[in-house]
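Trainee: I've got a fresh model to look through and would like to talk it over. Can we go through the contacts and strands together?

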Amino acid sequence: VQLQASGGGLVQSGDSLRLSCAASGRSFSSYVLEWFRQAPGKEREFVAGINWSGSAPQYEDSVKGRFTISRDNAENSVYLHMYSLKPEDTAVYYCAAGFIFSRRPEGVTYWGKGTQVTVSS
């Protein structure tokens, strides 16, 4: 499967953004979809994940209550709605697909190209 993330940009602290990730290939609806991010000088980290049915999403603690992950299997897309953005959310955001929840970069099967999110204070 091929993934392409979009929707990043430069925003101010407190603003919102919606990231999108479009997928091509078969069996999209069977994949677990995750978002990761990587800030300069830091390791890539898990942000959010969602299973095939869209139930029981998982979030990294620092984004709980601010970010929402959703998916549209008919559109082969996954979204990350980001609210109350903070400067520490600045990173390149990547969408990823796999067969299980990994929460770790090592467990991801497919990666998309990232999209830059910059939050100014």
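**Rings, charges and strands**

Trainee: Let's start with the rings: how many aromatic pairs does the structure hold?
Mentor: Keep in mind that this is a predicted model. Counting over the structure, the number of aromatic pairs is five.

Trainee: What kind of pair do Tyr-31 and Phe-99 make?
Mentor: A pair of aromatic rings is described by the distance of the centres and the angle of the planes. For Tyr-31 and Phe-99 the centres are 5.1 Å apart and the planes are at 45°. An angle over 60 degrees would be edge-to-face and one under 30 would be stacked, and the label here is tilted.

Trainee: And how far apart in sequence are the parts that this pair ties together?
Mentor: Tyr-31 is in the loop between β3 and β4, while Phe-99 is in the loop between β9 and β10. So the pair ties together parts whose separation in sequence is 68 residues.

Trainee: Is Phe-99 buried or exposed?
Mentor: Its partner Tyr-31 counts as buried at 7% relative accessibility. Phe-99 has 54%, and the cut-off to pass is over 50%. So Phe-99 counts as exposed.

Trainee: Which geometry does the pair of Tyr-31 and Tyr-110 have?
Mentor: The centres of Tyr-31 and Tyr-110 are 5.7 Å apart, with 85° between the planes. Over 60 degrees is the cut-off that matters here, so the Tyr-31 and Tyr-110 pair is edge-to-face.

Trainee: Which residue has its charged end over the ring of Trp-111?
Mentor: Trp-111 belongs to a cluster that ring pairs build with Phe-36, Phe-46 and Tyr-94. The charged end over the Trp-111 ring is 4.6 Å from the ring centre, and it belongs to Arg-44.

Trainee: On to the salt bridges: which residues make up the network that includes Arg-37?
Mentor: Side chains of opposite charge can pair when their charged atoms come close. Arg-37 meets Glu-45 at 2.7 Å, N to O, and Asp-89 at 3.0 Å. Asp-89 also has a salt bridge with Arg-66, at 2.8 Å. Shared partners thus join one network: Arg-37, Glu-45, Arg-66 and Asp-89.

Trainee: Is Asp-89 buried or exposed?
Mentor: Among its network partners, Arg-66 is buried with a relative accessible area of 10%, and Arg-37 is buried with 5%. Glu-45, at 32%, is partly exposed. Asp-89 has a relative accessible area of 0%, and under 20% is the cut-off, so Asp-89 is buried.

Trainee: Which strand pairs with β8 over six bridges and also forms a hairpin with β8?
Mentor: Strand β3 (residues 17-24) pairs with β8 over six bridges in the antiparallel sense, and Leu-17 has Met-82 as its bridge partner. On the other hand, the hairpin with β8 has four residues between its strands, with Asn-76 in the turn at a positive phi of about 50°. That hairpin strand also runs antiparallel to β8 over six bridges, and Asp-72 is bridged to Ser-77. The strand you're after is β7.

Trainee: How many residues of β8 are buried, then?
Mentor: Strand β8 covers residues 77-82, six residues in all. It is largely enclosed by the rest of the structure, because the number buried is five.

How values were computed. Residues are numbered from 1 along each chain as its sequence is written. This is a predicted model: local features need pLDDT of at least 70, side-chain atom pairs count only at pLDDT 80 or more; totals for chains, interfaces and linings use all residues. Side-chain values use heavy atoms; hydrogens and water are left out. Buried means under 20% relative accessible area, exposed over 50%, partly exposed in between (1.4 Å probe, protein chains only). Helices (H or I, at least four residues) and strands (E, at least two) are DSSP runs, numbered from the N terminus. Two strands pair if DSSP finds at least two bridges between them. A salt bridge is a side-chain nitrogen of Lys or Arg within 4 Å of a carboxyl oxygen of Asp or Glu. Rings of Phe, Tyr and Trp (its six-membered ring) pair if their centres lie within 6.5 Å; planes under 30 degrees apart count as stacked, over 60 as edge-to-face and the rest as tilted. A charge sits over a ring if NZ of Lys or CZ of Arg is within 6 Å of the ring centre and within 35 degrees of the ring normal.
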